[in-house]
Amino acid sequence: MPHDVTVLKDKKAAARKTVATLGTNDCRWPIGDPQIPGFHFCGEHASDGHPYCEKHTAQASTPARPRPIQNRNWE
């Protein structure tokens, strides 16, 4: 029997954390733009000693990839 996608989306929407609903051990990784409705925080259990869950701690700790230098005509 296939999963009802609408039910899964509703459960995820209900689990979204806002500033008012974040707990002390909730992941504070921002999702979306704070100026647009629907902005929320990850809310998963935060890793020990970190403000983020395991997934977002790893993402925050990953060094940025080098970008190619673009030639610009500086005057």
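The exercises below, each with a worked solution, concern a predicted model of a protein chain.

**Exercise 1. The overall fold**

Determine which secondary structure elements the protein chain contains and in what order they follow one another.

Solution. Begin with the count of elements, which comes to two helices and two strands for the protein chain. Then read along the sequence, where these elements follow the pattern α-β-β-α. Placed on the numbering, helix α1 covers 5-14, strand β1 covers 30-31 and strand β2 covers 40-41, while helix α2 takes in residues 54-61.

**Exercise 2. Burial and surface of the chain**

Work out what share of the residues is buried, and describe the accessible surface and the contacts of the protein chain.

Solution. Of the 75 residues in the protein chain, 16% are buried. Turning to the surface, the accessible area comes to about 7000 Å², and carbon and sulfur atoms account for 54% of it. For the contacts, take those between residues at least 6 apart in sequence; among these, 21% join residues at least 24 apart.

**Exercise 3. The surroundings of Thr57**

Decide whether Thr57 is buried or exposed, and list the residues that Thr57 contacts beyond its neighbours within four places in sequence.

Solution. Locate the residue first: Thr57 lies in helix α2. Its relative accessibility is 14%, and since buried means under 20%, Thr57 counts as buried. Once the neighbours within four places in sequence are set aside, the contacts of Thr57 are with Ser47, His50 and Tyr52.

**Exercise 4. Salt bridge**

Find how many salt bridges the structure holds, and state for the residues involved whether each is buried or partly exposed.

Solution. The count comes to one salt bridge, in which the side chains of Lys17 and Asp26 meet at 3.2 Å, N to O. This distance satisfies the criterion because a salt bridge requires the nitrogen to be within 4 Å of the carboxyl oxygen. As for accessibility, Lys17 is partly exposed at 22%, whereas Asp26, at 13%, is buried.

**Exercise 5. Aromatic pairs**

Identify the aromatic pairs in the whole structure and classify the geometry of each.

Solution. The search returns two aromatic pairs. In one of them, Trp29 and Tyr52 stand 5.1 Å centre to centre with 75° between the planes, an edge-to-face arrangement. This pair links distant parts of the chain, for Trp29 sits in the loop between α1 and β1 and Tyr52 in the loop between β2 and α2, 23 residues apart. Tyr52, which also appears among the contacts of Thr57, is partly exposed, with a relative accessible area of 24%. In the pair formed by Phe39 and Phe41, the ring centres are 5.2 Å apart and the planes lie at 75°, so this pair is likewise edge-to-face; the classification follows because planes over 60 degrees apart fall into that class. Phe39 is partly exposed at 22%, whereas Phe41 is buried at 11%.

**Exercise 6. Cysteines without a disulfide**

Explain why Cys27 and the closest cysteine, Cys53, do not form a bond.

Solution. Start from the search of the whole structure, which finds zero disulfides. The sulfur of Cys27 has that of Cys53 as the closest cysteine sulfur, at 3.8 Å. Because a disulfide requires sulfur atoms within 2.5 Å, this separation is too far for a bond. Seen from the other side, Cys53 is in no disulfide, and the sulfur nearest to it is that of Cys27. Finally, consider accessibility: Cys27 is buried at 0%, and Cys53 is buried at 7%.

Technical notes:
Residues numbered from 1 in each chain as written. Predicted model: local features only at pLDDT ≥ 70, side-chain atom pairs only at ≥ 80, totals over all residues. Heavy atoms only, no water. Helix = DSSP H or I, 4+ residues; strand = E, 2+ residues; numbered from the N terminus. Buried < 20%, exposed > 50% of the residue type's maximum accessible area, 1.4 Å probe, protein only. Contact = heavy atoms within 4.5 Å. Areas by Shrake-Rupley, 256 points an atom, 1.4 Å probe, with all protein chains shown as cover. Phe/Tyr/Trp six-rings, centres within 6.5 Å; stacked < 30°, edge-to-face > 60°.
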